[in-house]
Amino acid sequence: SDMDKYNKVDEASLRKYDMVILCAGTYAGWISLSGYLKKHWHILEGRIVILVVIGSAPVDAKWSIRSYNKIPDYIRVGIKYFKLPAKVDSKEADKARKEYLAPVIEYIKSLPT
């Protein structure tokens with residue numbers, strides 16, 4: 001797979017992918033790449049789009065729910081969303097990263113090839 005910063009991928013390059021995984025942070029009730037999703041949805045729609053969001057608030061916290069709900073409905077139904085915790089004890093960092101990413105990896109593995 002290719003990996004790049006969102007602002008380094010032009011529309012022509014984005015069109016060549018069947019699956020796009022976006023990783024974003026949450027900040028006081030908004031997801032940093034929600035604008036990117038809106039702007040590029042005409043390209044991303046119909047592709048496998050996985051949004052991995054990292055933030056200190058738990059997935060069921062009002063800030064997390066509010067930030068997710070700011071993504072328009074027509075986009076939310078077309079993406080797979082994962083919310084991961086931001087704070088990780090440095091002694092357990094590798095174990096925690098694997099644990100938190102396991103659902104994302106399992107989802108990708110479950111997709112038809």
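A residue counts as exposed when its relative accessible area is over 50%, as buried when that area is under 20%, and as partly exposed in between. Keep these cut-offs at hand for the tour of this predicted model.

**Stop 1: Lys 109 and Glu 106**

Select Lys 109. Its relative accessibility is 61%, so Lys 109 counts as exposed. Now add Glu 106, which at 48% is partly exposed. The two side chains meet in a salt bridge, with N and O 3.9 Å apart. Both residues sit in helix α5, which covers residues 93–110. They are 3 residues apart there, which means a separation of about one helical turn.

**Stop 2: Glu 11 and Arg 15**

Go next to Glu 11 and Arg 15. These residues form a salt bridge as well, and its closest N and O atoms are 3.9 Å apart. Glu 11 has a relative accessible area of 32%, so it is partly exposed. Arg 15 is also partly exposed, at 44%.

**Stop 3: Asp 73 and Arg 76**

Select Asp 73 and Arg 76 in helix α4, residues 73–76. Here the side chains are joined by a salt bridge with an N to O distance of 2.3 Å. With their positions 3 residues apart in the helix, the pair is about one helical turn apart. Is Arg 76 buried or exposed? Its relative accessible area is 18%, so Arg 76 is buried. With this pair the tour has covered salt bridges at three stops, and the count for the model comes to 3.

**Stop 4: Trp 41**

Keep Arg 76 selected and add Trp 41. In sequence the two are 35 residues apart; in space their C-alpha atoms are 11 Å apart. Trp 41 lies in helix α2. Its relative accessibility is 5%, so Trp 41 counts as buried. Which residues does Trp 41 touch, leaving out those up to four places away in sequence? They are Val 49, Tyr 74, Ile 75, Gly 78 and Ile 79. Show their side chains together with Trp 41 to view these contacts.

**Stop 5: Lys 38 and the positive patch**

Stay in helix α2, which runs over residues 34–44, and select Lys 38. With a relative accessible area of 41%, Lys 38 is partly exposed, whereas Trp 41 in that helix is buried. Then add Lys 62, Arg 66 and Lys 70. Together with Lys 38, these residues gather in a patch of positive charge on the surface. Display the surface over Lys 38, Lys 62, Arg 66 and Lys 70 to end the tour at this patch.

Key
Residues numbered from 1 in each chain as written. Predicted model: local features only at pLDDT ≥ 70, side-chain atom pairs only at ≥ 80, totals over all residues. Heavy atoms only, no water. Patch = residues over 30% accessible without salt bridge, like charges linked within 9 Å, V, L, I, M, F, W, Y side chains within 5 Å. Areas by Shrake-Rupley, 256 points an atom, 1.4 Å probe, with all protein chains shown as cover. Salt bridge = Lys/Arg side-chain N within 4 Å of Asp/Glu carboxyl O. Lys, Arg positive; Asp, Glu negative; His and termini not counted. Charge placed at Lys NZ, Arg CZ, Asp CG, Glu CD. Helix = DSSP H or I, 4+ residues; strand = E, 2+ residues; numbered from the N terminus. Buried < 20%, exposed > 50% of the residue type's maximum accessible area, 1.4 Å probe, protein only. Contact = heavy atoms within 4.5 Å.
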